Amino acid sequence: MSLHIYPLVFEPILKERIWGGTKLKTVFNKPIQSETTGESWELSTVPGDISRIAVGEYKGKLLSELLLQYPEEILGEAVHKKFGTEFPLLFKFIDAKDDLSIQVHPNDELAKKRHNSFGKTEMWYVMQADEKARIIVGFKEKSSKEKYLKNLEDKTLLSILQEIPVKKGDVFFLETGTIHAIGAGIVIAEIQQTSDITYRVYDWDRVDAAGKSRELHIDLALDAINYDTTDTKRTYTQEENKSNPVVICPYFTTDYLQLNGKIEIKKQHESFTVYMCMEGDFKLKYNETVWDYKKGDTVLLPAAMQSYGLEGQAVLLEIYI
């Protein structure tokens with residue numbers, strides 16, 4: 001039995017976070033139930049958090065079930081060869097009402113050895129930022145384990161880290177080992193390797209409603225941190241109706257597509273494609289069927305969908321391998 005090919009969207013997996021807010025509802029109309037919802041996992045095969053298809057013939061099925069049946073049709077031959085039946089990327093929207101913890105993610109080698117997991121290379125696209133919002137990313141100047149630990153113990157860690165003001169449309173690419181935190185007042189789209197491994201090193205001394213602080217991973221982080229300076233901000237062109245490269249790395253490629261009117265896509269790669277809608281709304285036409293999408297939607301096009309049309313006024317991130 002062959003795969004019935006159509007664009008796949010998923011039920012959001014909503015995550016309570018001590019730093020979360022309500023923008024996932026007010027900005028994207030996600031069905032959040034609390035005042036502290038920090039994340040909407042749009043497309044995931046992280047164990048325990050596997051996305052469920054929301055519409056169409058496969059409604060109710062887990063993505064992992066479909067991947068077991070039709071890996072090449074969904075992933076593409078080369079991606080299937082490399083990753084088997086695992087979906088290699090994780091897509092999220094994040095609402096940071098307050099600062100996230102200062103943290104770091106391990107590389108593939110360390111994550112495999114310690115957690116039997118992928119590492120966590122990621123990128124952020126800033127969808128909304130309050131006035132004076134900022135992120136924390138990397139060291140101001142080359143550091144060392146000893147200097148870093150001294151500042152951490154003295155509660156002066158922030159003095160050696162870069163704080164960068166952000167605005168809508170900014171993009172940051174964070175290789176593994178980059179110490180970082182998303183600051184308060186920011187909504188971002190996050191694209192990353194399929195991993196939920198985070199080493200939290202400082203959490204602003206805050207506690208939850210029960211008076212408990214969150215676990216820190218100071219020892220684990222020491223060998224994961226890159227103590228060199230790093231350039232994380234990415235610039236990109238915004239030519240209309242064209243895929244403008246934003247991030248190209250071994251784990252994913254992300255293009256910026258400002259849709260104004262109608263375009264036909266004939267894919268130049270064998271991979272699946274994911275569209276995340278940053279602004280506006282658009283239609284996708286495939287085999288005479290039309291689907292409608294809006295800001296906050298994330299759509300997975302199986303690799304077997306090689307030719308289709310897009311129409312509307314929208315800003316899209318286009319992601320593939």
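1. Where is the place of Asn116? In this predicted model, Asn116 belongs to the loop that runs between helix H5 (108-115) and strand E7 (122-129). The phi angle of Asn116 is near 50°, which is a positive value in a residue other than glycine. With a relative accessible area of 60%, Asn116 is exposed, because exposed residues are those over 50%.

2. Lys132 can be read alongside that residue. Lys132 has a positive phi of about 70°, although Lys132 is not a glycine. The loop that holds Lys132 lies between E7 and strand E8 (134-139), and Lys132 counts as exposed at 78% relative accessibility. A reader who goes through the backbone may wish to look at both loops, the one between H5 and E7 with Asn116 and the one between E7 and E8 with Lys132.

3. On the cysteines, the structure holds zero disulfides. Two cysteines can be described by their burial: Cys249 is buried, with a relative accessible area of 13%, and Cys277 is buried as well, with a value of 1%. Both are called buried because the term applies under 20% relative accessible area.

4. The aromatic residues deserve a paragraph of their own, since the structure holds 11 aromatic pairs. In one of them, the rings of Tyr148 and Tyr227 have their centres 6.0 Å apart and their planes at 65°, so this pair is edge-to-face. Tyr148 lies in helix H6 (residues 145-153), whereas Tyr227 lies in the loop between helix H7 (218-222) and strand E14 (233-234), so the pair ties together parts that are 79 residues apart in sequence. Both Tyr148 and Tyr227 are buried, and together with Phe139 they form one aromatic cluster.

5. How far apart are the centres of the rings of Phe173 and Phe252? The distance is 6.4 Å, and because the planes stand at 80°, the pair is edge-to-face. This pair links distant parts of the chain, with Phe173 in strand E10 (residues 171-174) and Phe252 in the loop between strand E15 (244-248) and strand E16 (253-266), 79 residues apart. Phe173 counts as buried at 8% relative accessibility, and Phe252 is buried with a relative accessible area of 0%.

6. A contact between a charge and a ring should also be noted. The charged end of Lys15 sits over the ring of Trp41, at 4.5 Å from the centre of that ring.

7. Which residues are the closest to the centre of the largest pocket? This pocket holds about 400 Å³ of space, and of the 23 residues that line it, the closest to its centre are Arg17, Glu39, Gln103, Thr198 and Arg200. Strand E1 (13-21), strand E5 (89-96), E7, strand E11 (180-182) and strand E12 (186-193) each supply at least two residues of the lining of the largest pocket, and the largest share, four residues, comes from E1. By class, this lining has 10 charged residues, seven polar residues and six nonpolar residues.

8. The second largest pocket has about 220 Å³ of space. Its lining is made of 16 residues, of which Phe10, Lys30, Lys294, Gly296 and Asp297 are the closest to its centre. Strand E18 (residues 289-294) gives the largest share of the lining of the second largest pocket, namely three residues. By class, the lining of the second largest pocket has seven nonpolar, six charged and three polar residues.

9. Lys295 is found in the loop between E18 and strand E19 (298-301). At 26% relative accessibility, Lys295 counts as partly exposed, because that term covers the range between the 20% limit for buried and the 50% limit for exposed. Measuring from C-alpha to C-alpha, Lys295 and Met278 are 5.4 Å apart in space, while in sequence they are 17 residues apart.

10. Finally, Thr178 offers another contact across the sequence. Thr178 lies in the loop between E10 and E11 and is buried, with a relative accessible area of 5%. Thr178 and Val104 are 74 residues apart in sequence, yet their C-alpha atoms are 5.9 Å apart in space.

Methods
Residues are numbered from 1 along each chain as its sequence is written. This is a predicted model: local features need pLDDT of at least 70, side-chain atom pairs count only at pLDDT 80 or more; totals for chains, interfaces and linings use all residues. Side-chain values use heavy atoms; hydrogens and water are left out. A disulfide is a pair of cysteine sulfur atoms within 2.5 Å. Buried means under 20% relative accessible area, exposed over 50%, partly exposed in between (1.4 Å probe, protein chains only). Rings of Phe, Tyr and Trp (its six-membered ring) pair if their centres lie within 6.5 Å; planes under 30 degrees apart count as stacked, over 60 as edge-to-face and the rest as tilted. A charge sits over a ring if NZ of Lys or CZ of Arg is within 6 Å of the ring centre and within 35 degrees of the ring normal. On a 1 Å grid over the protein atoms alone, a cavity is a set of points where a 1.4 Å probe fits but cannot get out, and a pocket is an open set with protein on both sides within 12 Å along at least five of seven lines; lining residues have an atom within 4 Å of a point. Grid points are joined across faces, edges and corners, and a volume is the space filled by probe spheres set on the points. Ala, Val, Leu, Ile, Met, Phe, Trp, Tyr, Cys and Pro count as nonpolar, Asp, Glu, Lys and Arg as charged, and the others, Gly among them, as polar.
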